[in-house]
Amino acid sequence: QVQLVESGGGLVQAGGSLRLSCTAATRTFTNYVMGWFRQAPGKEREFVADINWSGTTTHYVDSVKGRFTISRDNAKNTVYLQMNSLKPEDTAVYYCAARYALADRFDSWGQGTQVIVSS
């Protein structure tokens, strides 16, 4: 497993932007698919986006397509989630996750960072 540390959450008005960052403590960052998940109050954790080792392939949940962008900087062992046009329904704790390239599930998780979008 990989130790992950998120930052960048906060309170923002609807329509605003935030950028989340997640740094991984590993020497083999490029061996991992990186992802972002979120959990809103009273709801199950849901997939938001993921990115392959080179950054050439990304996936998004439909509700964030066109508003959120996932990216990574392998030189810095960091993955980002740029969130634009935020909506109140984006309010959640956002978690960074890592999945080893040959694994079938994400098994390393950060501590989470709170995002609150006010209307």
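A disulfide is a pair of cysteine sulfur atoms within 2.5 Å. In this predicted model, such a pair is formed by Cys22 and Cys96, with an S to S distance of 2.1 Å. The structure holds one disulfide. Cys22 belongs to strand β3 (residues 18-25) and Cys96 to strand β9 (residues 92-100), so the pair ties together parts that are 74 residues apart in sequence. The torsion about the S-S bond is about -75°, and the disulfide is therefore left-handed. Both cysteines, Cys22 and Cys96, are buried.

A second site of interest is Arg38, which is placed in strand β4 (residues 32-39). Is Arg38 buried or exposed? Its relative accessibility is 5%; because buried means under 20% relative accessible area, Arg38 counts as buried.

The side chain of Arg38 makes polar contacts with the side chains of two residues, Ser63 and Asp90, as tabulated below.

| Side chain | Partner side chain | Polar contact distance |
|---|---|---|
| Arg38 | Ser63 | 3.3 Å |
| Arg38 | Asp90 | 2.9 Å |

Ser63 and Asp90 also appear in the wider set of residues in contact with Arg38, from which neighbours within four places in sequence are left aside. Along with these two, the set comprises Glu44, Arg45, Glu46, Val48, Val64, Phe68, Ala92, Val93 and Tyr94.

Conventions
Residues are numbered from 1 along each chain as its sequence is written. This is a predicted model: local features need pLDDT of at least 70, side-chain atom pairs count only at pLDDT 80 or more; totals for chains, interfaces and linings use all residues. Side-chain values use heavy atoms; hydrogens and water are left out. Helices (H or I, at least four residues) and strands (E, at least two) are DSSP runs, numbered from the N terminus. Buried means under 20% relative accessible area, exposed over 50%, partly exposed in between (1.4 Å probe, protein chains only). A polar contact is a pair of N or O atoms within 3.5 Å; within protein, one must be able to donate a hydrogen and the other to accept it, and residues adjacent in sequence count only if both atoms are side-chain atoms. Contact means heavy atoms within 4.5 Å.
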